[in-house]
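Q: Please take a close look at a single part of this model and describe it in connection with its surroundings. A formal and continuous account would be welcome.

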Amino acid sequence: DRDALRRARRRIDLSVFRCDDAQVFAELARATARGVQVSVLMTARAKGRPGDLETLRAALGATGAAVHLYTNPSMKYHAKYIVVDEGPAIVGSGNFTSKCFERTLDAMVLTHDPEVVAGLRALHAADCQGAPLPSALSPRLVVAPERSRGVLAALIANAESSVRIIDSKLCDPRMMSLLSARRNDGLTVEIFDGPRIGALESHGKML
C-alpha cells in the first residue's frame, strides 16, 4: 500500500475506514508536494472515542489531500482501497493502521485491469458526492450492499467441488444456510472463523 502511494505521479483515490500509520500520512504528504491530486473518502460513522474521526480528518487534510465524508447517515463506509494513476488498484480487508500492517492477517487484491481501475474511480467519485451506484461497473467489483449478497451467493451456489472461507465474523443466517446446503450436496465446505491464525489476529475475509 505504501509503495503504491510512493509511485503515484498524477492521481490517488483512497478510501479509508481507520488510519493511524505515520508512513501513510507521510507518503500522502509527499505525493501532494510533488503535485499528485489526492482524494480521500472516509466514513462519518465508526466505533471509537469521541473525536477520533475528526482527528483523522484533520490529519488527512494536513497532508494536502482533499478529504470527503461519506454522507449516507444510515451506514458506515467500510471499504478500503487505493487507485493510483491508471493502475494499480488495490482492494483489501486491512485498515491503514500500524496494527493491520504488523499484527493482523488480512487479504488484498492488486490489479491493473482497466475496467476495475475505471470502476473504482467512478465509485469513488459517486460516493464522494453521495450519488447513486454507477451503472457501468465491472462485474469483478462486488460492491456492498448493492451487489454483494447476490454475487457471493451465486459463487457458493455454483461451486462444483469445494468452498473455503476465512471470516472471523461469519454469522449471516442466509449464507450459513446456503453453506450448509452445499455441504449436504457433498461439497467440501471449510470455514475458518477463529480469532487468530498463528500469531496473527484474523481480520481478513476470503472466499
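A: Helices, of type H or I with at least four residues, and strands, of type E with at least two, are DSSP runs numbered from the N terminus. The model is a predicted one. With these terms, His-78 is placed in the loop between strand 3 (66-69) and strand 4. His-78 counts as partly exposed because its relative accessible area is 38%, a value that falls between the limits of 20% for buried and 50% for exposed. From His-78 to Asn-95 the separation is 17 residues in sequence, and their C-alpha atoms lie 9.3 Å apart in space.

The part to examine closely is the hairpin of strand 4 and strand 5, which has 4 residues between its two strands. Strand 4 covers residues 81-84 and strand 5 covers residues 89-92; the two run antiparallel and are joined by 3 bridges. Within this pairing, Val-83 stands opposite Ala-89 of strand 5. Strand 5 also pairs with strand 7 (residues 108-111), again in the antiparallel sense, and 4 bridges join these two strands. Ala-89 recurs in this second pairing, where it stands opposite Thr-111 in strand 7. Ala-89 thus has Val-83 as one opposite residue and Thr-111 as another.

The turn of the hairpin has two backbone features. Most residues other than glycine have a negative phi, and most peptide bonds are trans. Asp-85 is not a glycine, yet its phi is positive, at about 50 degrees. Asp-85 sits in the loop between strand 4 and strand 5, and it counts as buried because its relative accessible area is 8%, under the limit of 20%. In addition, the peptide bond between Gly-87 and Pro-88 is cis, with omega at about 15 degrees. Pro-88, like Asp-85, belongs to the loop between strand 4 and strand 5. Elsewhere in the model, a cis peptide bond also joins Ala-144 and Pro-145, with omega at about 0 degrees; Pro-145 lies in the loop between helix 5 (114-129) and helix 6.

Strand 4 leads from the hairpin to the nonpolar interior. The largest nonpolar core has 23 residues, and Ile-12, Leu-14, Val-38 and Leu-60 touch the most other members. Strand 4 is among the elements that give two or more residues to this core, together with helix 1 (2-7), strand 1 (11-16), helix 2 (22-33), strand 2 (37-42) and helix 3 (52-62). Helix 2 gives the most, with 4 residues. A second core, separate from this one, holds 14 residues, including Tyr-70, Tyr-81, Cys-128 and Leu-141. Returning to the largest core, the contacts of Val-38 include Ile-12, Leu-28 and Ala-31, residues up to four places away in sequence being left out of the count.

Charged pairs supply further links, and the structure holds 13 salt bridges. One of them joins Asp-21 to Arg-2, with the closest N and O atoms 2.9 Å apart. Asp-21 lies in the loop between strand 1 and helix 2 and Arg-2 in helix 1, so this pair ties together parts that are 19 residues apart in sequence. Both Asp-21 and Arg-2 are buried. A network of salt bridges also links Asp-3, Arg-6, Glu-27 and Arg-30. In the salt bridge between Asp-13 and Arg-11, the closest N and O atoms are 3.2 Å apart; Asp-13 is buried at 2% relative accessibility, whereas Arg-11 is partly exposed at 31%.

Another charged pair leads to a separate sheet. Lys-99 forms a salt bridge with Glu-201, the closest N and O atoms being 3.1 Å apart. Lys-99 is in helix 4 (residues 98-102) and Glu-201 in strand 11, so placed that 102 residues separate them. Lys-99 is partly exposed at 34% relative accessibility, and Glu-201 is partly exposed at 27%. Glu-201 is also the bridge partner of Arg-196, within the antiparallel pairing of strand 10 and strand 11 (residues 200-202), which extends over 2 bridges. Strand 10 and strand 11 belong to an open sheet of 3 strands in the order 6-11-10, with mixed pairing. Strand 6 (104-105) and strand 10 (196-197) are its edge strands, each pairing on one side only.

On the surface, Val-142, Val-151, Leu-152, Leu-155 and Leu-207 form a nonpolar patch with about 390 Å² of accessible area together. Leu-155 of this patch is located in helix 6 (residues 148-157) and is exposed, with a relative accessible area of 52%.

Conventions. Residues are numbered from 1 along each chain as its sequence is written. This is a predicted model: local features need pLDDT of at least 70, side-chain atom pairs count only at pLDDT 80 or more; totals for chains, interfaces and linings use all residues. Side-chain values use heavy atoms; hydrogens and water are left out. Patches are made of residues with over 30% relative accessible area and no salt bridge: like charges are joined within 9 Å, nonpolar side chains (Val, Leu, Ile, Met, Phe, Trp, Tyr) within 5 Å. Accessible areas come from the Shrake-Rupley method with a 1.4 Å probe; for residues, only the protein chains shown count as cover. A salt bridge is a side-chain nitrogen of Lys or Arg within 4 Å of a carboxyl oxygen of Asp or Glu. Buried means under 20% relative accessible area, exposed over 50%, partly exposed in between (1.4 Å probe, protein chains only). Two strands pair if DSSP finds at least two bridges between them. A nonpolar core is a set of buried Ala, Val, Leu, Ile, Met, Phe, Trp, Tyr and Cys residues joined through side-chain atoms within 4.5 Å. Contact means heavy atoms within 4.5 Å.
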